[in-house]
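Colleague: I've got the model open and I'd like a close look at one part of it rather than a tour of everything. Pick the helical packing, take your time, and then tell me how that part sits in the rest.

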Amino acid sequence: MQAFILAGGFATRLWPLTEKRAKPLLPLAGKPIITHLLEKIPREIPVTVSTNAAFAEGFERWKQTIDRPVELIIEQTRKDEHKLGALGAVAAWISARRIDDDLLLLTGDNYLGFSLAEFLRAFHPPHALLAAHDIENLAHASSFGTVLTDPNDPKRVIGFEEKPKESKTTLVSTGCSILPRATLPIVLEFAEREPENVGGIFEEFLRRKIAIDCFTFREPWLDVGSFASYLEAHRLLLGEKVLIDTDSTLETTTCTGSVSVAAGSRVIGSELCDTLVFERCTITDCTLRDCVIDEGCTLEGVDLRGKMIRAGTVLRLG
Amino acid sequence: MRYRCLLILWLASDLFLFLGSFALAYFLRVGFILSSDFPFGPFIAAAAMASPFWLLVLATTRTFALGRRQQTLRNLAYIAYASVVGCALFALLYYFLYDVFFSRLLIVFAFAISTGAAWIWHIIFERMLRIALTKDPPQFPTLIIGVTRESRRLIALLKCSRNPLFPVAILDGLGVKEQEIEGVPICGKLNKLEEVLKERKITHLIQCSDLEQSLNLLSACRSRAITYMVLPSVFGIVERDEKIESLEGHAVTVVGPPRRWWEWFF
């Protein structure tokens, strides 16, 4: 089996945090989102990460910080409109590397609370396998793509619905699946028609009568797609903890809720609540609530609530 | 550079216009002769000495500001105010230099001519300035943030009036299907900000939506020495009844209840 992590999106909803950094590289509880994912993949499975030229440097740096080999595929594009598409990237890699293996397909911006080893045990080729999160609330499920299972065999997928008005199920589709090696030619063929439609490949499988098994889990699943979901993921993983890097300084500062302060940052005489402070920031006499402060910011004497602050911002109360 | 040269030309032309107005007032009052009773030389010398002060007073009314519309009554009032000060200065200078008085009507002539001529010249020069500054490549490439009703109106207005702030690109926080507005390309979402600022050599940014990104847009502008502007509609003030006033020395945007016209002064 081979693992392929999709990390080539431009994540425009998380601007400006993703201005120079891919979404999977955003820190979550002290390490990049993608590292949480990588740590769950059994070491014997070779891992390939697909990204684009705009974020290549960041991934090269990240590669130096992890303790296992990872192959980086850099799509030579810096613009959304020139991208191969997520499935297009998978297909290009399958063709170029002549992959003839089962494929663990993961989305780099997803945090998976369940054990991937358990997920792998649930894989029975030639059936494809899809992880579905039981969100336990029909109304919430309608904000996602839902997975319909056979009432007589809840482990068998029979259909999908994209953000249904009234959801029939509490199972929502996640960015974690296994494509059996026998299905790879179908992936190549489908990717030519719909290179952006990763989810669509499973509908294609159903059209071609290829069985899809459903791996249902109730552990946390976080799809970091927006500022709100990023903060929610931060709160969920950190809880009521304060995560201070050993190379950072906190002086006469009150922290409440989930707070993380990254290396090289100094926070003096401030109040932080549910806030992430990235590297090399200086925060003096500020009150920050539900904020993400990107690296190299200098904030003095300001009160901010619910803000993502761009890297290098200097804000001093005049 | 183009703007600076034009501005210097404008200031210089205004100086000559002030002197010309006084000369015309002299000849209209004295007759088209060089009188020996009231010699032209000392008269124009005093006017020349007063002219820089007149120009300075005129500049303090911000009549030369990039965004100022010249063809407005308010601007005429500012020019008239500068002319009053200029004429008063001239009279004082003349008296202190030569210890004599002269025709009071001449001062009235000089005031009327300098005010009228300056206003007409400013209207003409503004038109020339706008043509020169919006010629390709525009002197002030402007980035519009947000595709909204207000931004559409603004773009149309800027283009129609050949405003020196020339919209060259539009970004929208959420992205839109349209490709352009009034011929101005929509370049994508805010993740293209850096690229657009750099490639299009943006000098001005006008925020028309995406209130939550104000701090970040401002930060990008500060780091690149770009002038940042924000429409009141971004804060929900859409009725165009806002005023910028001062509260203990701090600029504040004010929306108050309707008042009678004379209450404006207080």
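Modeller: Here is the helical part, followed by its surroundings and a few backbone oddities.

Keep in mind that this is a predicted model, where local features need pLDDT of at least 70 and side-chain atom pairs count only at pLDDT 80 or more, while totals for chains, interfaces and linings use all residues. Residues are numbered from 1 along each chain as its sequence is written, and chains are lettered from A and ligands numbered from 1 in the order in which they are written.

Start in chain B, with helix α1 (residues 2-30) and helix α2 (residues 40-60): their axes come within 9 Å and cross at roughly 145°. Helices here are DSSP runs (H or I, at least four residues), strands are E runs of at least two, and both are numbered from the N terminus. The axes are lines fitted to C-alpha atoms, for helices over the stretch in contact, and the angles run from 0 to 180 degrees between N-to-C directions. As for handedness, α1(B) passes α2(B) in a right-handed crossing; that is, the near helix is turned clockwise from the far one by less than a right angle, whereas anticlockwise would make it left-handed.

Who does the touching? On the α1(B) side you'll find B:Leu11, B:Asp14, B:Leu15, B:Phe18, B:Leu19, B:Phe22, B:Ala23 and B:Tyr26. Facing them from α2(B) are B:Phe40, B:Phe43, B:Ile44, B:Ala47, B:Ala48, B:Ser51, B:Trp54 and B:Leu55. Contact means that the C-beta atoms of two residues, placed from the backbone, lie within 7 Å. Sorted by class, this contact has 14 nonpolar, one polar and one charged residues. (Ala, Val, Leu, Ile, Met, Phe, Trp, Tyr, Cys and Pro go down as nonpolar, Asp, Glu, Lys and Arg as charged, and the others, Gly among them, as polar.)

Follow chain B out of α2 and you reach B:Thr61, in the loop between α2 and α3. B:Thr61 counts as partly exposed because 16 other C-beta atoms lie within 10 Å; buried takes 20 or more such neighbours within 10 Å, exposed 12 or fewer, and partly exposed is in between, with C-beta atoms placed from the backbone. Leaving aside residues up to four places away in sequence, B:Thr61 touches B:Tyr78, B:Tyr81 and B:Ala82. B:Thr72 is eleven residues from B:Thr61 in sequence and 14 Å from it in space, C-alpha to C-alpha.

Next, α4 of chain B (residues 104-134). Its 31 residues should span 45 Å at 1.5 Å a residue, and the end C-alpha atoms are 45 Å apart, so the two agree; the expected span is 1.5 Å times one less than the number of residues. Buried residues of α4(B) include B:Phe109, B:Phe111, B:Trp119, B:His122 and B:Glu126. The buried residues of this helix pack against α1 and α3 (73-98) of chain B, which brings us back to the α1 we started from.

Stepping back, chain B has seven helices and eight strands. A compact globule of 266 residues would have a radius of gyration near 18 Å, but chain B has 24 Å; this is taken over C-alpha atoms, and the globule rule is 2.2 Å times the number of residues to the power 0.38. The C-alpha trace of chain B spans about 75 × 45 × 30 Å along its principal axes, and 31% of its residues are buried. Among its contacts between residues at least 6 apart in sequence, 65% join residues at least 24 apart.

How does it meet chain A? Ten residues of chain B are in contact with eleven of chain A. On the chain B side, the largest share, five residues, comes from helix α7 (residues 214-223). That side divides into three nonpolar, five polar and two charged residues. Chain A itself has eight helices and 25 strands, and its radius of gyration of 21 Å agrees with the value near 20 Å for a compact globule of 318 residues.

Last, the backbone oddities. Most residues other than glycine have a negative phi, and most peptide bonds are trans. B:Lys201, not a glycine, has a positive phi of about 50° and lies in the loop between α6 (193-199) and β5 (204-207) of chain B. In chain A, a cis peptide bond joins A:Trp15 and A:Pro16, with omega about 10°, and another joins A:Pro125 and A:Pro126, also with omega about 10°.
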